[in-house]
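User: Could you take a close look at one part of this protein for me, the helix packing in its second half? I work at the bench, so please spell out the cut-offs as you go.

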Amino acid sequence: MSARLLRKVLQEQEEQQQQQLGNDDDSDSPDPAAPPSKNLFHILNDDDDDDDAQGDESEIANETLTRNINEQESSVEKSTADVVSTSNHKSKKKKKKKGKQGSFSRVDKAEKPLDVILKTLSLDSNSSSNQPGSTEAKSVNVKVCDNRAKQYTTSILQVDPKFLSAENELRRIFGSKVVSSFENSQQTGSSRQIRGGRRGSHNPKKTILVSPSDHWPRWDGSLSMEFLESKDGLNFFRYVHSSSYGQAQRAFEGAKSIHDLNSIASVLLYYPYHLDSLITMADYFKFVGEHHMSADATAKSLYALECAWNPMFTPLQGNCQLKFSHETNKPLFTTLFTHMKNMDRRGCHRSALEVCKLLLSLDSDDPMGVMFCIDYFALRAEEYAWLERFSEDYKSDNSLWLFPNFSYSLAICRFYLERDESSKDTHVENVKATSTDLMRQALMLHPSVLKKLVAKVPLKDQAWTNILKQAFFKSEQAGSLSLDHLINIYVERSYIIWRLPDLQKLLRNAALLVIETLESNGSEARDWACVRKEVFSSQKNEYGHLLVSDFSDSVPTLPPDNLQNFMADPRMREEVLNVNQVVNPHGGDRAPRDIANRSPLAVLFESILPWVDFGDRVEEEAGEDNQPNGHGPDDQGH
């Protein structure tokens with residue numbers, strides 16, 4: 001009995017010494033006075049049971065210390081992620097390790113070889129940094145650093161899902177009660193108006209791009225997405241069509257070939273999420289003034305495209321690529337661009353900005369020309385600091401200011417940031433150029449913008465007339481087809497911003513400074529002309545695929561020429577009707593007397609269009625041969 005008491009006293013003394021030595025390392029420990037290695041049941045054991053207890057505890061020590069070694073090895077790989085937490089974790093494990101070894105070192109001499117082995121293993125694990133395996137760990141750390149650098153560059157395009165929803169932005173602007181009452185008033189009629197919609201009691205899948213309506217059909221799974229490859233930290237994907245989608249596509253092509261809009265609508269009855277049919281119907285509703293139904297068809301397209309996403313597809317993080325060159329990927333870009341314009345029309349500029357980020361992150365080649373409207377949405381959403389950071393960090397290229405839209409938008413951005421700084425009374429050393437300097441630079445680089453803005457806004461003050469009389473601002477042509485096209489896009493997209501009196505004053509003062517500078521130093525104009533010619537050196541229009549009308553706020557009208565061009569557009573815009581008419585296949589057959597061997601359905605469609613003139617016509621009974629009418633146009637009967 002005295003031996004056990006002596007062993008207890010020695011053990012307590014040793015534990016106190018270990019606690020004093022480990023106070024510095026274990027300052028974060030929640031309970032340093034209660035070491036985990038202390039086991040009071042040893043006092044109650046008899047001498048005959050000491051060997052068994054010691055054997056059990058040695059096995060526990062083996063398992064605990066082996067786990068500690070494994071955790072130390074794993075901590076080497078995780079050290080770049082969280083150094084502070086790992087070091088605290090290690091200190092706690094070291095305390096357990098020392099406590100266990102100290103409590104067993106005086107129990108039995110048979111445990112000394114185990115301590116030596118464990119110390120050897122610990123040294124091996126610590127000295128592994130000098131072994132070839134450490135090279136792999138270092139390479140992992142280098143990859144982690146590279147990935148962090150890429151994440152920093154792509155974080156400028158990271159989409160915030162909170163601001164992606166137009167409904168949420170409307171609630172922030174007008175309040176939840178106003179938006180909810182409006183949605184309730186629109187819900188009853190919209191469910192009956194949408195073509196191809198079937199009522200059901202199912203709960204639609206929740207998505208982030210759009211909020212699905214309850215009356216939408218159930219997702220049919222006709223689309224999917226496949227993973228192609230991973231390259232430079234980016235994952236590449238492509239949409240894939242199912243066999244049922246192929247059948248719908250063939251039916252759509254057949255309806256398109258005969259210009260039958262009703263047949264395209266009937267495709268949606270059997271295949272409610274056929275993308276080309278939904279895009280065509282959205283365009284048709286837009287041209288006849290049914291903007292709510294057009295937006296609903298576009299939202300259904302986005303819903304189908306998102307339901308088909310691969311589990312690895314995480315576009316909001318900016319690490320996924322969906323190249324426009326793949327034919328099956330194109331509907332996502334066209335639909336997102338249309339969705340962006342619909343949100344702009346509703347006044348949801350922050351949501352439109354998030355869609356711009358998404359479009360630009362999906363394909364860095366920017367097939368839709370998002371770079372020429374993202375500055376507009378950033379200004380309308382008052383994201384001035386983000387716009388400056390974007391112009392500096394995007395692709396690590398600080399040359400965006402050379403484009404006409406960014407040269408003027410960055411000046412506006414700096415103007416509002418200066419005003420915010422002055423209102424907050426912040427005295428920060430500013431190494432950036434002032435808004436006046438940036439505006440003066442924009443006018444020197446792109447002087448032809450001024451005359452087009454004065455005409456488009458319009459600016460009717462006499463001061464602008466005097467400014468435009470100067471030779472430097474007289475010309476409306478920049479000397480490059482590409483640059484002229486980009487200037488037209490910018491003026492059409494952003495002219496409304498210049499209706500603010502403060503910005504007009506900024507522009508006028510900068511223009512007067514330019515005139516004053518040129519009077520004293522005319523060579524500066526030639527220098528800027530050389531810069532402009534160097535940047536836009538191509539003899540052809542490199543941005544001809546971008547239509548100026550796609551960046552316009554105005555709703556397209558329906559003159560005959562525009563409708564004919566719309567029907568000939570390769571973007572499935574062949575089906576268009578009169579603004580006040582809907583195709584009626586049951587109407588009387590009307591055939592031209594000077595056209596033969598034509599498809600009856602094609603002739604029927606053309607006969608409804610107001611600009612098609614077949615000459616003198618007369619109503620005939622169904623099934624009778626068409627006869628020429630010699631009585632003149634006054635004999636038409638309706």
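Analyst: Happy to; here is a walk through two helix pairs and one loop residue.

A word on the ground rules first. This is a predicted model, in which local features need pLDDT of at least 70 and side-chain atom pairs count only at pLDDT 80 or more, while totals for chains, interfaces and linings use all residues. Residues are numbered from 1 along each chain as its sequence is written, and side-chain values use heavy atoms, with hydrogens and water left out.

The protein has 24 helices and three strands (DSSP runs numbered from the N terminus: H or I of at least four residues for helices, E of at least two for strands). Of its 638 residues, 43% are buried, meaning under 20% relative accessible area with a 1.4 Å probe, protein chains only.

Let's begin with helix 13, residues 349–362. Its end C-alpha atoms are 20 Å apart, which agrees with the 20 Å that 14 residues should span (1.5 Å times one less than the number of residues). Because 14 of the 14 residues are buried, helix 13 is largely enclosed by the rest of the structure.

One partner is helix 12 (residues 330–345), whose axis comes within 8 Å of that of helix 13 and crosses it at roughly 160 degrees. Axes here are lines fitted to C-alpha atoms over the stretch in contact, with angles from 0 to 180 degrees between N-to-C directions. That makes helix 12 roughly antiparallel to helix 13, the word for angles over 145 degrees. Among the residues that meet (heavy atoms within 4.5 Å) are Phe333, Phe337 and Met340 in helix 12 and Val355, Leu359 and Leu362 in helix 13. By class, this contact has twelve nonpolar, three polar and one charged residues.

Now for the second pair. The axes of helix 16 (residues 404–423) and helix 20 (residues 481–494) come within 8 Å and cross at roughly 45 degrees, so the two are oblique to each other. Pro404, Asn405, Tyr408 and Ser409 of helix 16 meet Leu483, Leu486, Ile487 and Tyr490 of helix 20. Six of the residues in this contact are nonpolar, two are polar and none is charged.

Ser409 also leads us to Ile497, in the loop between helix 20 and helix 21 (501–520). Ile497 and Ser409 are 88 residues apart in sequence, yet 9.8 Å apart in space, C-alpha to C-alpha. With 10% relative accessibility, Ile497 counts as buried. Beyond its neighbours within four places in sequence, Ile497 contacts Tyr376, Leu379, Arg380, Ile412 and Leu503.

Definitions and conventions: Buried < 20%, exposed > 50% of the residue type's maximum accessible area, 1.4 Å probe, protein only. Parallel < 35°, antiparallel > 145°, perpendicular 65-115°, else oblique. Nonpolar A, V, L, I, M, F, W, Y, C, P; charged D, E, K, R; others polar.
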